[in-house]
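Biologist: Hi! Could you walk me through this model while I have it open?
Modeller: Happy to, just ask away.

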Amino acid sequence: MNDKNVRVRFAPSPTGPLHMGGVRTALFNFLFARKHNGSFILRIEDTDQMRFVPGAEEYIIESLQWCGLHYDEGPGVGGPHAPYRQSERSAIYRQYAERLVNAGWAYYAFDAPEELDQKRKEAEAQGKSFAYDALSRQHMKNSLSLPESRVRELLAAGTPHVVRFKMPPDEEIVMHDLIRGEIRVKTSTLDDKVLFKADGLPTYHLANVVDDFLMRITHVIRGEEWLPSLPLHVLLYRGLGWEDKRPEFAHLPLILKPNGQGKLSKRDGDKMGFPVFPLQWKDPETGEVSMGYREQGYFPEAFINMLALLGWNPGTEQELFTLDELIQAFSLDRVNKSGARFDPEKARWFNQQYLRKRPAPELVRLFLPVLQSKGVRADENTVERIVETVRDRAVFVSDLWDHSWFFFQRPETYDPAIVKKRWSEQMPEWLSSLIAHLEKLTSFTAPEIKQAIHDFAEAKSIPAGNLMNCLRLCLVGSSMGPDLALICEILGTEEIKQRIEKAVAVIGNGVH
């Protein structure tokens with residue numbers, strides 16, 4: 001393989017939001033292209049106008065951009081093989097459909113939709129399923145069964161028709177997949193697929209093969225749901241005389257539900273509370289909103305890192321990869337044949353690792369809008385110290401508030417269980433003496449504060465555990481939070497004093 005010539009494409013249909021399985025397909029194409037100094041192309045396969053969803057193409061492009069998967073050629077970028085939307089290439093395909101007909105690899109079929117429906121119903125009544133194939137085509141209304149003069153009449157009259165592929169009747173097709181190895185399929189099990197529709201647009205099969213050839217695609221890396229199409233695509237290359245230019249194929253394993261039973265779907269995410277789409281999606285027809293990884297607070301790098309390890313492994317124990325490291329490590333021979341089970345908790349773990357690795361100033365910048373939404377104004381240096389203190393407890397930036405709110409707001413309530421267990425009549429006096437003791441410290445740092453609290457408890461013969469639990473209760477309202485001495489250092493003596501006074505007034509002097 002000549003690295004310089006590697007050309008891969010991600011070719012989604014704009015029929016709705018991009019599933020995370022689609023993002024992984026784009027990612028593997030991107031990694032393969034970058035690894036071999038090749039080109040990564042985005043092609044929008046929008047020939048199925050019946051299923052076209054407004055906004056879906058924009059969603060696909062925005063998703064790839066958020067993930068950092070920037071394409072070299074495609075909509076909005078251009079390139080030597082433009083246009084990159086199949087709907088804008090519709091004039092290209094008819095000539096190739098005609099070429100296949102003329103070469104004996106395809107034929108015109110004039111069967112009306114209601115006639116085909118009738119055939120299906122008749123087959124169902126006999127407990128069978130109808131297939132338009134090498135056996136049935138002789139009894140249908142097409143250019144193989146009709147006299148040539150009648151075919152000419154129908155075409156001249158503009159009779160609606162499709163072009164179907166003429167599947168060889170009894171041949172074994174031997175194919176090679178870069179992930180799955182040798183695949184053998186008998187043509188007797190395959191039907192005559194429509195290549196060109198009555199509306200003047202190609203089907204996926206013809207447009208896909210023609211565009212891959214014209215765009216000089218060298219490797220087709222796609223999901224395993226396209227594996228049943230492989231024999232037809234291989235035969236189309238043969239029928240069009242392009243066998244020597246046929247790309248290599250690699251079919252990626254499915255992403256499975258968390259229980260490993262079947263393909264991951266939107267329904268699984270809705271039921272278990274996790275996203276299956278990279279970005280939030282609002283259905284233009286129903287108005288239904290689906291969760292997105294971006295809006296849930298995931299870092300794109302964490303999302304991509306998690307996806308990369310669904311169905312591929314680097315052969316080492318390493319789990320955290322930058323995009324550049326993924327490019328260096330990636331190879332198709334380490335992609336699994338079997339499906340990869342998605343674990344929502346593992347996805348959260350990846351985000352937690354990336355949050356921990358983020359530079360503190362960047363986390364502060366991301367956290368400030370959260371503080372502003374709570375009506376909190378705080379000094380950035382103080383916020384940075386607080387973020388550094390609690391960051392290891394958070395999975396998402398929004399979690400930082402849950403673990404640090406008490407630095408910015410005084411508690412309104414106090415855990416009654418701690419009051420009942422720890423508070424005593426002497427506690428207000430002890431706490432008042434403690435703050436007076438702390439105010440005398442020359443250096444108000446966590447190590448000094450910790451030592452001072454222990455010295456004070458020992459000198460007064462006070463149970464240190466009780467004293468520290470009640471001090472935390474006054475400052476935080478519960479038993480939560482990081483190291484108590486660190487909380488004291490960040491709050492400062494004046495704030496500590498006011499919080500103790502408030503807690504004493506609320507709790508009262510008696511034991512609750």
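Modeller: Let's begin with a strand pair: β3 and strand β4 (residues 162-165) run antiparallel to each other, and four bridges link them. Keep in mind that this is a predicted model.

Biologist: Thanks! What is the bridge partner of A109 in β4?
Modeller: A109 is matched with V162 of β4.

Biologist: And which residue of β4 is the bridge partner of Y107?
Modeller: For Y107, the partner in β4 is R164.

Biologist: Which way do the residues of β3 point, and are they buried or exposed?
Modeller: Strand β3 covers residues 106-109. A106 and Y108 point one way, while Y107 and A109 point the other way. All of them are buried.

Biologist: In what order do the strands of the open sheet come?
Modeller: The order is β3-β4-β7, so to speak from one side to the other, with antiparallel pairing across the three strands.

Biologist: Which ones are the edge strands?
Modeller: Those are β3 and β7 (194-196), each of which pairs on one side only.

Biologist: By how many degrees are neighbouring strands turned against each other?
Modeller: On average 45°, with direction ignored.

Biologist: Changing topic: how many residues does the largest nonpolar core have?
Modeller: The largest nonpolar core has 114 residues. M20, M306, F342, F367, W423 and L471 are the ones with the most contacts inside that core.

Biologist: Which helix gives the most to this core?
Modeller: Helix α1 (residues 20-35) does, with nine residues.

Biologist: What about another core, apart from that one?
Modeller: There is another one of 39 residues, and its members include A97, A106, F196 and F249. You've met A106 already, as one of the buried residues of β3.

Biologist: Now the cysteines. How many disulfides does the count come to?
Modeller: The count is zero.

Biologist: Why is C474 without a bond?
Modeller: Because the closest cysteine sulfur, in C470, is 6.8 Å from the sulfur of C474, which is too far for a bond. The cut-off for a disulfide is sulfur atoms within 2.5 Å.

Biologist: And why not C488?
Modeller: The closest cysteine sulfur to that of C488 is in C474, and at 10 Å it is too far for a bond.

Biologist: Are C474 and C488 buried or exposed?
Modeller: C474 counts as buried because its relative accessibility is 0%. C488 is also buried, at 0% relative accessibility.

Definitions and conventions. Residues numbered from 1 in each chain as written. Predicted model: local features only at pLDDT ≥ 70, side-chain atom pairs only at ≥ 80, totals over all residues. Heavy atoms only, no water. Core = buried A, V, L, I, M, F, W, Y, C linked by side-chain atoms within 4.5 Å. Buried < 20%, exposed > 50% of the residue type's maximum accessible area, 1.4 Å probe, protein only. Helix = DSSP H or I, 4+ residues; strand = E, 2+ residues; numbered from the N terminus. Pairing = 2+ DSSP bridges. Axes fitted to C-alpha atoms, helices over the stretch in contact; angles between N-to-C directions.
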